[in-house]
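I'm opening a fresh page for a chain I haven't looked at before. I'll jot down each thing I look up, one entry at a time.

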Amino acid sequence: MATTSSTGIGPQPAGLAEGAIATVAGTGAAGYVSDGGPGALTNLHYPEGLAVDKAGNLYIADRLNHRVRKVSPSGIITTVAGNGEAGYMSDGGPAVATRLNAPVDVVIDDAGNLYIADLYNHRVRKVTPSGIITTVAGNGQAGYVSDGGPAIATPLHHPHGVGLDREGNLYISEWSGHRVRRVNRSGIITTVAGNGTAGYISDGGPAIATRLYCPDGLTFDREGNLYIADVGNHRVRKVTPSGIITTFAGNGTAGYISDGGPAVTTRLSSPRRVTLDEGGNLYISDQDNHRIRRVDPDGIITTVAGNGTAGYVDDGGPAATTRIYFPQGLALDRAGNLYIADYNNHRVRGVTRVAKMTPPLPPAADLYGEVVSPYRVQRGQEFDLGARIANRGPNTADGQHVTVVLTLADGLVGGPGATGRRLTRTFTGQQLLPYQGTLDGVFRVSAPDSTPPGTYESTLEIHYSGDLNLKDNTFTLPVTVVAPTPVADETALTIYQDTVPEVAPGQRATFTVRYASPTGQPVNPGTITQRFTAPTGFVFTGQPTYAYYETVHGIVSGNLDHRFEDSGRTLIITANPHVNTTTTDAGSVIYTIPVQVLPDATPGRYDNGSASIGRHTPVQISGKVTGTAQDETALHVVQVSVPQAAPGQTTKFNLEIRSLNNQPVNPGTIEQRITAPTGFAFTGAASYGYYNVKPYVTGNLDASLEDGGKTLVIRSNPHLNTGTTDKTALIHTLVIRALPDAKPGTQPGDGRAAIGRLAPVPLSARVL
């Protein structure tokens, strides 16, 4: 909602300290009881939007009760719109006798007119001070036609947020239309932000030419700047009166870092609503972080309510240390009390004089430990054990306050200079800079030749003092000691072609060769010559690489020394294919070798390539020349995980798309229709990623919603294996919400994913 300067003092209880939280409406139980009694003793059902009028009345969009409720300054609750039945009847009669369909936001103008975002009726309704309801925007149809005509004659697409500027123009955010529209005082509708395509492009240009992603809450400052909660982009955007858009808060990555730094460099997670106080502080309901954040006029962000843990704790204490649960609507009264729609707690909470309170100081740093611990080591060999301390906070940490203590298991010993089993390190004189750098709490350790093979558990503790916030500070580090001696001979390796390239004439691809020790024996043959001959129709091209994927350090990779002979028909690699000799070469080593099919190659499978690895018996290398790159009928789609969510909650799940036999697939842009299981609906947020390449290739999908979110329509090209940036698998990540009336404990499996001409794949989801 847009906060006006003429609000009165609302129903927040008197006598509470600044920053204290109290419930002003809702018992925590979802439902509806009756009107006429104290707001704190009745039920709400997923409250969303809030507004305060100049008499101090608090208005609540009571979403699943299909009503708008009013709590007077004395705390008495009544209904001002909606008869409790979902639907639409007509306009022109008493607001309390008609139907609404999931009202989600409200705003009040200076004349006392109440505007309601009537979500599933795809309308914005207006209730006069005398209680008569009419439609001011939307014809009841979901969609978009054009701008410049009467607002009541055009479709809207899930209106979600409403706001008013100082001239009385009405602003509407369209959740599924990815736009913010303006209805002037003559009733004409235009677009002021968003081009209708979900996503993010950049800042600094015209707001109507850029992308938004499920915009929600709206508010205005004194200069006429419009602030938009850009939910799917995890940002709050600002549009100047001249129409230029920038980011005001959030760096676009979902999550939480810490407070005390610039709002534009920190993380938000699905910010839903925004409001401003008289001092120019912007408040954000940071939904998935379960916090209310405040951005001061200098752009510094802090938390004023919620400790980041979802739930409910008793009222009366500091708001910044209690729990809230998916906060939504925000409103301020004249006394500076902030009202919060505590959505999943089915309450509206008030924070006393939040506009004047000083939020708790953020910790000097927000630190965490990154464990370094090998899974398996050789007896008599040194290895690394411990943790690196990283800083994800906004302030510098002094190393003198951090000590790492490693208590070694009996059978392990420290490196040179170490005495006893207790190893310690303090970082006096070192500074840990904000958002970067690490303190090295990793020790050199070994298992003496006398140590019997087996698993040994050491304990790592990270001690800290001063005003530091350090997560995960105690760890158990198991290490398995093995006793084999290295084999200095490549003939001990098992070598085989891991993938067979299937490539159309003229196209490029890669294949992989795996070198492994079948018993986990260390093999260290030294630098040897490895000669590869390409199958018929193929030539080698590009830089071959190696990678160890099974180490405790993550992926260890690099380039291979090589040369080409015979116009690319022969590849000669000079390298040491060692495995299991240290913590950095555990498991197997995989060579990735680029190839290209000659333009005149004849389609077919060819098994006449070879790999001669030193003195090892030559290994057959195969390749398949296809006719052309395949279309979507060569794809295989699976649901990677079953999403789980409580009614009203949002979660996500992945679809994995691969090609049959890893052949290249390039169908062009096709329509992909994803139908949610019963009890669920999509939010419109959808992204893709190729995670088998380095660096990852990711982005947002061109997606739209139909049937009230029941169907998600994606238009994209699910190409695979056509080059180096789309290898192996494509992941679609889709955000889904359990409907508020979904039956807990059910797991419907009637969803569908239809990718072009592929047979639909069933989808399921579970209601918690």
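**Entry 1: an odd serine**

Where is the place of S567? I found S567 in the loop between β44 (561-565) and β45 (570-575). Before going on, a note to self: this is a predicted model. I picked S567 since it has a positive phi of about 55° although it is not a glycine. I then checked whether S567 is buried or exposed. Its relative accessible area is 75%, so S567 is exposed.

**Entry 2: an odd histidine**

H290 caught my eye too, with a positive phi of about 55° and, again, no glycine there. H290 lies in the loop between β19 (282-286) and β20 (291-295). Is H290 buried or exposed? Its relative accessible area is just 9%, and the cut-off for buried is under 20%, so H290 counts as buried.

**Entry 3: stepping back**

I zoomed out to see the whole chain. How many helices and strands does the chain have? I get 0 helices and 60 strands. The C-alpha atoms fill a box of roughly 95 × 70 × 50 Å along the principal axes. The chain has 768 residues, and 53% of them are buried. I also looked at contacts between residues at least 6 apart in sequence: 60% of these join residues at least 24 apart.

**Entry 4: a sheet with β1 in it**

With that many strands to choose from, I began with a sheet that includes β1. General reminder for myself: strands of a sheet pair through backbone hydrogen bonds, either parallel or antiparallel. This one is an open sheet of 4 strands in the order β1-β24-β23-β22, and the pairing is antiparallel. Which strands are at the edges? They are β1 (21-25) and β22 (327-332), and each of them pairs on one side only. On average, neighbouring strands here are turned by 30° against each other, direction ignored. Next I looked at one pairing: β1 and β24 (residues 347-351) are antiparallel over 4 bridges. In that pairing, T23 has R349 in β24 as its bridge partner.

**Entry 5: a second open sheet**

Here I found 4 strands in the order β10-β11-β12-β13, again an open sheet with antiparallel pairing. Why is one side of β10 and of β13 left without a neighbour in the sheet? Both β10 (159-164) and β13 stand at the edges with a single partner strand each, so the other side stays free of sheet neighbours. The twist averages 30° from one strand to the next. β12 (residues 179-183) pairs with β13 in the antiparallel sense, over 4 bridges. One matched pair I can point at is V183 with its bridge partner I189 in β13.

**Entry 6: a threonine on β13**

I stayed on β13 (residues 189-193) and clicked on T191, which is in that strand. T191 has 15% relative accessibility, so it counts as buried. What is T191 in contact with, leaving aside neighbours within four places in sequence? My list reads Y144, D147, R179, V180, R181 and I208. Two polar contacts of its side chain went into the notebook. One goes to the side chain of D147, at 2.8 Å. Another goes to the side chain of R181, at 3.4 Å.

**Entry 7: arginines over rings**

Two names from that list turn up again here. The charged end of R179 sits over the ring of Y144, 3.6 Å from the ring centre. I noted another case elsewhere: R235 lies over the face of Y200, 3.7 Å from the centre of the ring.

**Entry 8: a pair of rings**

How many aromatic pairs does the structure hold? There are 9. I opened one, F511 with F540: the centres are 6.5 Å apart and the planes stand at 45°, so this pair is tilted. F511 is in β39 (residues 508-516) and F540 in β41 (residues 538-540), so the pair ties together parts that are 29 residues apart in sequence. Both F511 and F540 are buried.

**Entry 9: β42 and its partners**

Last lookup of the day. β42 (residues 545-551) pairs antiparallel with β46 (residues 589-597) over 4 bridges, and Y548 has V589 as its bridge partner there. β42 is also joined to β43 (residues 554-559) by 5 bridges, again antiparallel. In β43, G554 stands opposite T551.

Terms used:
Residues numbered from 1 in each chain as written. Predicted model: local features only at pLDDT ≥ 70, side-chain atom pairs only at ≥ 80, totals over all residues. Heavy atoms only, no water. Phe/Tyr/Trp six-rings, centres within 6.5 Å; stacked < 30°, edge-to-face > 60°. Helix = DSSP H or I, 4+ residues; strand = E, 2+ residues; numbered from the N terminus. Buried < 20%, exposed > 50% of the residue type's maximum accessible area, 1.4 Å probe, protein only. Lys NZ or Arg CZ within 6 Å of the ring centre and 35° of its normal. Polar contact = N/O pair within 3.5 Å; in protein donor to acceptor, adjacent residues only side chain to side chain. Contact = heavy atoms within 4.5 Å. Pairing = 2+ DSSP bridges. Axes fitted to C-alpha atoms, helices over the stretch in contact; angles between N-to-C directions.
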